[in-house]
Amino acid sequence: MNCGQIAYLSDFFSQYEDEQIQTVLLSANRVQAVFEAKTPLNIEEAVKHLKQVFQLSKFGPGLYFTIKNM
């Protein structure tokens with residue numbers, strides 16, 4: 001993930017878990033965070049789900065971020 005407010009994203013997704021996905025923060029710096037995601041969803045569904053979940057958070061509607069499969 002890449003975003004200007006990486007600290008908020010890192011905190012939000014560092015140990016995130018719901019019925020469809022589980023994320024763990026692997027590393028973060030000032031402009032990028034790397035997470036591991038465990039999910040039965042395919043890549044496109046997982047990205048869509050994570051973005052929808054984040055949009056419901058406090059700063060979600062105001063932050064833009066990208067997700068890359070590595």
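Which helix does Ser10 lie in? Select Ser10 in your viewer and you will find that the answer is helix H1, which covers residues 6-13. Keep in mind as you go that this is a predicted model.

**Stop 1: around Ser10**

Stay on Ser10 and switch on a surface. This residue counts as buried because its relative accessibility is 7%, and the cut-off for buried is under 20%. Now show its neighbours. Leaving aside residues up to four places away in sequence, Ser10 touches Leu25, Ala28, Ala33 and Phe35. Keep Phe35 highlighted, as we will meet it again at the pocket.

**Stop 2: the whole chain**

Zoom out and switch to a cartoon view. You should see 2 helices and 2 strands, and reading along the sequence gives the pattern α-β-β-α. The C-alpha trace spans about 30 × 25 × 20 Å along its principal axes. Is that what a compact globule would give? What radius of gyration does the protein have? The value is 11 Å, which agrees with the figure near 11 Å for a compact globule of 70 residues.

Colour by accessibility next: 30% of the 70 residues count as buried. The accessible surface comes to about 4,800 Å², and carbon and sulfur atoms hold 53% of it. If you draw a contact map, look at contacts with a separation of 6 or more: residues 24 or more positions apart account for 46% of them.

**Stop 3: the largest pocket**

Select Phe35, Ala37, Ile67, Lys68 and Asn69. Among the 19 residues that line the largest pocket, these lie nearest its centre. The space inside is about 400 Å³.

Now add strand S2 (33-38) and helix H2 (43-55), each of which supplies at least two residues of the lining. Which of the elements gives the largest share? That is S2, with 5 residues. Colour the lining by residue class and you get 12 nonpolar, 5 polar and 2 charged residues.

**Stop 4: Gly60**

Finally, move along to Gly60, in the segment after H2. Is Gly60 buried or exposed? Gly60 is buried, since its relative accessible area is 0%. Show its contacts, again leaving out residues up to four places away in sequence, and you will see Gly60 touching Phe54 and Gln55. To end the tour, draw a distance from Gly60 to Tyr16: the two are 44 residues apart in sequence, and their C-alpha atoms are 15 Å apart in space.

Notes: Residues numbered from 1 in each chain as written. Predicted model: local features only at pLDDT ≥ 70, side-chain atom pairs only at ≥ 80, totals over all residues. Heavy atoms only, no water. 1 Å grid on protein atoms, 1.4 Å probe; cavity = no way out; pocket = protein on both sides within 12 Å on 5 of 7 lines; lining within 4 Å. Points joined across faces, edges and corners; volume = space filled by probe spheres on them. Helix = DSSP H or I, 4+ residues; strand = E, 2+ residues; numbered from the N terminus. Nonpolar A, V, L, I, M, F, W, Y, C, P; charged D, E, K, R; others polar. Rg over C-alpha atoms; globule rule 2.2 N^0.38 Å. Buried < 20%, exposed > 50% of the residue type's maximum accessible area, 1.4 Å probe, protein only. Contact = heavy atoms within 4.5 Å. Areas by Shrake-Rupley, 256 points an atom, 1.4 Å probe, with all protein chains shown as cover.
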